[in-house]
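The exercises below are meant to be worked with the sequence and the coordinates open side by side. Each one sets a task and then goes through a solution step by step.

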Amino acid sequence: MGDLKRKRGRKPKNVVAEANAAASASTSTAVDDGAVVAVPTEATNQDSQTHRRGRGRPKKGGNHPEDDRSDMAASPERRAPRLYDRNGAGDSVAHNGHVIVEAVAAPPQVRWESVAAAATAASSMDAVVKVFCVHTEPNFSLPWQRKRQYSSSSSGFIIGGRRILTNAHSVEHHTQVKLKKRGSDTKYLATVLAIGTECDIAMLAVSDDEFWEGVSPVEFGDLPALQDAVTVVGYPIGGDTISVTSGVVSRMEILSYVHGSTELLGLQIDAAINSGNSGGPAFNDKGKCVGIAFQSLKHEDVENIGFVIPTPVIMHFIQDYEKNGEYTGFPILGVEWQKMENPDLRSSTGMSPDQKGVRIRRIEPTAPDSHLLKPSDVILSFDGVDIANDGTVPFRHGERIGFSYLISQKYTGDYALVRVLRNSKILEFNIKLDTHKRLIPAHINGRPPSYYIIGGFVFSAVSVPYLRSEYGKDYEFDAPVKLLDKLMHAMAQSIDEQLVVVSQVLVADINIGYEDIVNTQVHAFNGKPITNLKSLASMVESCEEEFLKFDLECEQIVVLQTQKAKAATKDILAMHCIPSAMSDDLKT
């Protein structure tokens, strides 16, 4: 996005002083952050009237307030009020036989909608808070310990029910969360009520009643249209005061949520979103919240491209929490599909020229109703909405969007009516929707990582945070191809299935010759397939055979003498200051 530059801005002119200098009959009140609202006052004869001759023409020469045009440079809201003739002719008095018309300053034409909008905007900005969080992340490469704690700051805002919304990544792996209101010097301890990793939203609460004094929750607005003005409010890095950036909605589509590794509806705006803006609200021109700032596009070829979580996603998160008492997630249909734009492909499936839809490639084995649908079925509609050959559905006037948007409007456990074409016959199924069960999960939902150690071999369950810890932020390029293939294409065959690897070998006499084994998948133990890390630990601990035999990928095997391996494990743990041979979740 290029180097960040701070521009010096002018303070708004003192409209009150200008109005007094012009002997006007109105005052201007400065609303917070430079917004100016005209407020009419009662005109008086001393400071409002000016003399005119004959039919109201001004005298030539002299210094007259109405001749002052210095206010033309100001915006319409900031101009000094004009003089006008009351009732069209003004008040007349006799003076030396002549009739002199007195012109008085009339109340300005106040746009009360603008006044209300400015007041609403000021109140809404008072609901924006600064979030201070201390994070203590797990160390996935050394899962028996945590990393050094660090602090971060971000933004949030107050909603109804004495709750606060911010981004999930703003409070991930939190140890302590504190909030500070605008204009306050006090930080209040907060409690994290729910974290939605997929939608990158978190809900907080503050128990101190003092925090809630003098603040009003923001109001949510409708989904904005393209080119609608938006204002992003927050506390970006570089200052402790509130920051406001403006732009317009430039695109609306299904976006990739970086934190959640999911695809949901998102807004693209051309307002700057920097570090610290995360969790801050985006307001429309009526002062209503239409989204939450959460990520930006950083590339040398683009500038000022930010992304906002829209209100449908926000309301789904809030209602999910209120309905279930916790966050349950966004459901999926549980299928991978293919476009049906090729005429020959359409003909081969028995589709008529007027039929449209998408072809099912694969079905998630963990989906609740995976037995109902079959590969090569063509999905024609979802809940009565026809699906096009490119997988889109009508969204708004002149717009289309991926049909996954319809699925994301559902809740975990809901049902949807799906019409499919199978062998030239149309069938209907009532499909239950559930959350995605990934073989390699994108998150571990705040839990500490699992591990098991025997004979110096450290076994771990693979997750995206694990890959990032081992191979850095570019793990999608640097991780082994076999692991990446599992990440991108493999499906879990059961709800509790995990990908188990030997993450490293803690060198000892018992494991001579195995030192180079790193991040290698384990397929079986003593001839029995491995389902997850807990089942592996259970089988090893209860093993009474002479040898422990682990079948690894590429036909590689590891063999240890059972009694020697268990005896050596205690010494290895003591040498590396490891408190236990297995994580707490494997002990239960």
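**Exercise 1.** Describe the surroundings of His436, leaving out residues up to four places away in sequence.

*Solution.* In this predicted model, His436 touches Ile332 and Glu364 once residues up to four places away in sequence are not counted. The next step is to place the residue: His436 lies in the loop between β26 (425–432) and β27 (451–454). A further check uses the backbone, where the C-alpha atoms of His436 and Pro331 are separated by 6.8 Å although these two residues are 105 residues apart along the chain. Finally, the relative accessibility of His436 is 32%, so that it counts as partly exposed.

**Exercise 2.** Carry out the same analysis for Ser503, and decide whether it is buried or exposed.

*Solution.* Ser503 belongs to strand β29, which covers residues 500–505. Its contacts, again without residues up to four places away in sequence, are Val458, Ser460, Tyr466, Val518 and Asn519. Because buried means under 20% relative accessible area, the value of 4% makes Ser503 a buried residue.

**Exercise 3.** Characterise helix α4 by its length, its buried residues and the strands that it lies across.

*Solution.* Begin with the geometry: α4 has 14 residues, and the distance from its first C-alpha to its last is 20 Å, close to the 20 Å expected at 1.5 Å a residue. Then turn to accessibility, where the buried residues of α4 are Thr311, Pro312, Val313, Ile314, His316, Phe317, Ile318, Asp320 and Tyr321. As for packing, the helix lies across β8, β9, β11 (187–196) and β12 (201–205), and it runs at about 50° to β12. Beyond the helix comes Gly325, which has a positive phi, near 80°.

**Exercise 4.** Find the salt bridges made by Glu322 and Lys323, and state which parts of the chain each one connects.

*Solution.* A search of the whole structure gives 15 salt bridges, and two of them are examined here.

- *First pair.* The side chains of Glu322 and Arg163 meet in a salt bridge, at 3.0 Å from N to O. Since Glu322 lies in helix α4 (residues 311–324) and Arg163 in strand β9 (residues 163–166), the pair ties together parts that are 159 residues apart in sequence. The two partners are then assigned from their accessibility: Glu322, at 48%, counts as partly exposed, whereas Arg163, at 13%, counts as buried.
- *Second pair.* Lys323 and Asp414 also join their side chains in a salt bridge, with 4.0 Å from N to O. Here distant parts of the chain are linked, 91 residues apart, with Lys323 in helix α4 and Asp414 in the loop between α6 (404–408) and β25 (415–422). Lys323 counts as exposed at 52% relative accessibility, and Asp414 counts as partly exposed at 21%.

**Exercise 5.** Determine how the strands of the closed barrel are ordered and how they pair.

*Solution.* The barrel has six strands, which run β7-β8-β9-β12-β11-β10 with antiparallel pairing, and the twist averages 40° from one strand to the next. For one pair in detail, strand β7 (residues 128–135) and strand β8 (residues 150–159) are joined over eight bridges in the antiparallel sense. Within this pair, Val129 stands opposite Gly156 in β8.

**Exercise 6.** Identify which residues have the most contacts inside the largest nonpolar core, and list the neighbours of Leu179.

*Solution.* The largest nonpolar core contains 83 residues, and Leu165 and Leu179 are those with the most contacts inside it. When neighbours within four places in sequence are left aside, Leu179 is in contact with Val129, Lys130, Val131, Ile164, Thr186, Lys187, Tyr188, Ala190, Leu204, Val206 and Phe211. Another core lies apart from this one and has 25 residues, among them Phe457, Ile530, Leu536 and Val540.

**Exercise 7.** Give the overall figures for the protein chain.

*Solution.* The protein chain has twelve helices and 33 strands, and 46% of its 588 residues count as buried. Among its contacts with a separation of 6 or more, 61% are between residues 24 or more positions apart.

Terms used: Residues are numbered from 1 along each chain as its sequence is written. This is a predicted model: local features need pLDDT of at least 70, side-chain atom pairs count only at pLDDT 80 or more; totals for chains, interfaces and linings use all residues. Side-chain values use heavy atoms; hydrogens and water are left out. Helices (H or I, at least four residues) and strands (E, at least two) are DSSP runs, numbered from the N terminus. Buried means under 20% relative accessible area, exposed over 50%, partly exposed in between (1.4 Å probe, protein chains only). A nonpolar core is a set of buried Ala, Val, Leu, Ile, Met, Phe, Trp, Tyr and Cys residues joined through side-chain atoms within 4.5 Å. Contact means heavy atoms within 4.5 Å. The expected span of a helix is 1.5 Å times one less than its number of residues. Two strands pair if DSSP finds at least two bridges between them. Axes are lines fitted to C-alpha atoms, for helices over the stretch in contact, and angles run from 0 to 180 degrees between N-to-C directions.
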